[in-house]
Each structure stands twice: as structure tokens, then as C-alpha cells.
Amino acid sequence: MVTKHFRARYSKGVLEPLEAIDLEEGAEVAVSIEEEPSHERKLEALRRSAGGWKGHHDDPDELIRMLYESRITGSREPPDL
């Protein structure tokens with residue numbers, strides 16, 4: 001099985017590819033839908049998260065160090081701060 005990824009627009013009950021797809025006419029495919037959030041939903045998520053760290057840390061450098069530390073995995077070198 002070959003997986004191909006492409007963007008499409010749903011219009012009038014039909015998915016319309018936004019780019020050319022290399023498929024034979026009549027080919028059957030399995031479709032998975034991954035919706036992209038609208039611009040409004042992205043803005044709302046940003047607004048909800050604004051100020052989320054306020055009052056939790058008095059030292060911005062310590063907060064940055066903690067964020068980097070939480071992202072480090074065994075396969076990465078620690079960042080130079």
C-alpha cells in the first residue's frame with residue numbers, strides 16, 4: 001500500500017483535490033480526514049493561552065530553562081543558555 005498526502009476542499013458533497021494526484025481513473029482509495037482549524041479557532045486558542053504563565057514564575061530565565069529542560073530527550077544535546 002502506498003500512502004499519498006494531499007490537500008483538498010470539500011464542496012457540495014465532493015472532496016476536490018487542490019493539487020494533481022497521480023491515480024488511475026476509477027482507482028479506489030481509503031480516505032482519512034484531518035481537519036485544519038479555521039483562522040478564528042486558531043486565534044481563539046491563542047487568546048485563551050495568553051497570560052497562562054502569569055504569576056507562576058518571577059524569573060523569566062528560570063521559566064525558559066524549565067521549558068527547554070522539559071523538551072530535552074535522550075537523543076538531544078541540552079541547549080546553551
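Here is a walk through the pocket, a surface patch and the salt bridges of this structure. Keep in mind that the model is predicted.

Let's start with the empty space. Rolling a probe the size of a water molecule over the atoms shows where such space is left. Here, the largest pocket comes out at a volume of about 1,100 Å³. Its lining counts 27 residues, and the ones closest to the pocket centre are Lys4, Phe6, Ala8, Val31 and Ser32. In terms of chemistry, the lining splits into 14 nonpolar, 9 charged and 4 polar residues. Two strands, β1 (8-11) and β2 (14-17), each put at least two residues into that lining. The largest share comes from β2, with 3 residues.

Val31 is a handy bridge to the next feature. You'll find valine 31 in the loop between β2 and α1 (39-49). Its relative accessibility is 55%, so valine 31 counts as exposed, the cut-off being over 50%. Besides sitting among the residues closest to the pocket centre, Val31 joins Tyr10, Leu15, Leu23, Val29 and Ile33 in a nonpolar surface patch of about 630 Å².

Now for the charges. Side chains of opposite charge can pair when their charged atoms come close. How many salt bridges does a search of the whole structure find? The search turns up 4.

One of them pairs glutamate 36 with arginine 7, with the closest N and O atoms 2.3 Å apart. Glutamate 36 is in the loop between β2 and α1, while arginine 7 is in the segment before β1, so this pair ties together parts that are 29 residues apart in sequence. Glutamate 36 has 54% relative accessibility and therefore counts as exposed, whereas arginine 7, at 45%, is partly exposed.

Helix α2 (residues 60-71) offers another kind of pairing. Arginine 65 forms a salt bridge with glutamate 62, the closest N and O atoms being 2.8 Å apart. These two are 3 residues apart in the helix, which means about one helical turn separates them. Both count as partly exposed: arginine 65 has a relative accessibility of 30%, and glutamate 62 has 29%.

Arginine 65 has another partner too: its side chain meets that of glutamate 69 in a salt bridge, at 2.5 Å from N to O. Glutamate 69 and arginine 65 are both in helix α2, 4 residues apart, again about one turn of the helix. Put the pieces together and you get a network of salt bridges linking Glu62, Arg65 and Glu69.

How values were computed: Residues numbered from 1 in each chain as written. Predicted model: local features only at pLDDT ≥ 70, side-chain atom pairs only at ≥ 80, totals over all residues. Heavy atoms only, no water. 1 Å grid on protein atoms, 1.4 Å probe; cavity = no way out; pocket = protein on both sides within 12 Å on 5 of 7 lines; lining within 4 Å. Points joined across faces, edges and corners; volume = space filled by probe spheres on them. Nonpolar A, V, L, I, M, F, W, Y, C, P; charged D, E, K, R; others polar. Patch = residues over 30% accessible without salt bridge, like charges linked within 9 Å, V, L, I, M, F, W, Y side chains within 5 Å. Areas by Shrake-Rupley, 256 points an atom, 1.4 Å probe, with all protein chains shown as cover. Buried < 20%, exposed > 50% of the residue type's maximum accessible area, 1.4 Å probe, protein only.
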